[in-house]
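Let us walk through this structure together, one chain at a time, and then look at where the chains meet. Keep the view open beside the text as you read.

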Amino acid sequence: MWYKIIQIAEWFGEMADRIKLIRDFNAAARYSFIGGFADTLLEAKITRGDSSYRHAFSKFMGGGFRIKTLSGTHMARFELIEVGQVILSNEMLIRKLISLGWDTLEVQDEFGAIGCKWALKDHAHIRGILPG
Amino acid sequence: MKDVLFSQQIDFILMKDIVPVCDINNIWFWLSIIEFIVIAYFSYKLLRKKKNIMFLDLTNDNLKESRNADIDMNSIMDSINQSRDLYVKLCSLCHPDRFVNTSKEKIAEEIFQEISRNKRNFKELSLLKTRATIELDVEM
């Protein structure tokens, strides 16, 4: 019984962490756009993700971490790839994303016409750092 | 008298009410077989998928450290927006070929390797920029 209650509390904690991460990302993107450091405003949101990229911690119907360009300068395909590569090069962030239930990283332009996606599990190197 | 009536009733049931369990011409028989095959196929697929799934041996406790890690989002935004330009600039200024046959050749090689390693990390590139300015005497 207590175990179930702890599990439910953990689930809510995890959801709060997910929302906090998204909110932090969006706030940082907004500040850099307003401050003039960024030419394009980015926005992160939770999507369904790709089922073929699933892992043991994937959230049902919420495994996708989508970064979308909102306004400002139009981004070319190589720029979208560059945004994705910056995220993937940050191992700490990737590990956090995986542990919070994301499995797919998606970067999309404002109309959804061009987009790229990566499987987070391919870029995690989790076994090298964590015990077990 | 009672026994005789009971035995007659049993005979009556045996003779009239028993229908064959498996009738090949019955449509419900074939439907149930198809249903069974579909369920078996999906169960097999699910089991196979579970076997192939990654990080299945890790528990939530293993990931607690990663979950509680502090991520500096401003640094990530800087990396997204400015790291590429700074990388190109540093590559051209600190390339070891510019320091051939000088005392700074080795330092330039070292810095260039570091720059390549931290290609998409603005924070590290900024530190390398400062180092290059001091050690290689390059003007940014």
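## A guided tour of two chains

Chain B is built from six helices and zero strands. Following its sequence from start to end, you meet the pattern α-α-α-α-α-α. Bear in mind that what you are looking at is a predicted model. For chain B the mean pLDDT is 82, and 77% of its residues reach 70 or more. Where pLDDT is low, the predicted coordinates should not be read in detail. As for the model as a whole, it scores ipTM 0.85 and pTM 0.75.

How much of chain B is buried? Of its 140 residues, 17% are buried. Among the contacts in chain B with a separation of 6 or more, 57% are between residues 24 or more positions apart.

A good place to pause in chain B is helix α5, residues 105-117. Its 13 residues should span 18 Å at 1.5 Å a residue, and the C-alpha atoms at its ends are indeed 18 Å apart, so expectation and model agree. Now look at which side chains point where. B:Ala108, B:Ile111, B:Phe112 and B:Ile115 are the residues to pick out as buried in α5(B). Looking down the axis of α5(B), you will find these buried residues within an arc of 105 degrees, so they line one face of the helix. Turn to the other side of α5(B) and you come to B:Lys106, B:Gln113 and B:Arg117, which are exposed. What do the buried residues of α5(B) pack against? Their partners are α4 (73-93) and α6 (122-135) of chain B.

Just before moving on, step into the loop between α4 and α5 of chain B, where B:Asn101 has its place. This residue has a positive phi of about 60 degrees, although it is not a glycine. B:Asn101 has 5 C-beta neighbours inside 10 Å and therefore counts as exposed, since the cut-off for exposed is 12 or fewer.

Chain A has another make-up: its secondary structure comes to four helices and four strands. Along the sequence these follow the pattern α-β-β-α-α-β-β-α. Taken along the principal axes, the C-alpha atoms of chain A fill a box of roughly 55 × 25 × 25 Å. Buried residues account for 34% of the 132 residues in this chain. If you take the contacts in chain A between residues at least 6 apart in sequence, 61% of them join residues at least 24 apart.

Start with helix α1 of chain A, where A:Ala16 is found. Is A:Ala16 buried or exposed? It counts as exposed, because it has 10 C-beta neighbours inside 10 Å. A:Phe57 is 41 residues away from A:Ala16 along the chain, and the C-alpha atoms of the two are separated by 16 Å.

Next comes a loop between β1 (40-47) and β2 (64-72) of chain A, and in it lies A:Met61. Here again is a residue that is not a glycine but has a positive phi, of about 60 degrees. A:Met61 is exposed, with 10 other C-beta atoms within 10 Å.

Helix α2 of chain A, residues 77-89, also invites a check of its length. With 13 residues at 1.5 Å each it should span 18 Å, and its end C-alpha atoms are 18 Å apart, which agrees. The buried residues of α2(A) are A:Leu80, A:Val83, A:Val86 and A:Ile87. Seen down the helix axis they fall within an arc of 120 degrees, so they line one face of α2(A). On the other side of α2(A), the exposed residues are A:Arg77 and A:Phe78.

Further along, strands β3 (residues 104-108) and β4 (residues 115-119) of chain A pair in the antiparallel sense over five bridges. Within this pairing, A:Glu106 stands opposite A:Lys117 in β4(A). The two strands form a hairpin with six residues between them, and A:Gly112 in the turn has a positive phi of about 80 degrees.

Finally, bring the two chains together. Here 29 residues of chain A are in contact with 24 residues of chain B. On the chain A side, the elements that give two or more residues are α1 (2-34), α2 and α3 (91-99). The most comes from α1(A), with six residues. By character, the residues on this side of chain A divide into 15 nonpolar, seven polar and seven charged.

Methods. Residues are numbered from 1 along each chain as its sequence is written. Chains are lettered from A and ligands numbered from 1 in the order in which they are written. The expected span of a helix is 1.5 Å times one less than its number of residues. A residue is buried if 20 or more other C-beta atoms lie within 10 Å of its own, exposed if 12 or fewer, and partly exposed in between; C-beta atoms are placed from the backbone. The arc is that of the directions from the helix axis to the C-beta atoms. Two residues are in contact if their C-beta atoms, placed from the backbone, lie within 7 Å. Ala, Val, Leu, Ile, Met, Phe, Trp, Tyr, Cys and Pro count as nonpolar, Asp, Glu, Lys and Arg as charged, and the others, Gly among them, as polar. Two strands pair if DSSP finds at least two bridges between them. pLDDT is the predictor's confidence in each residue, from 0 to 100.
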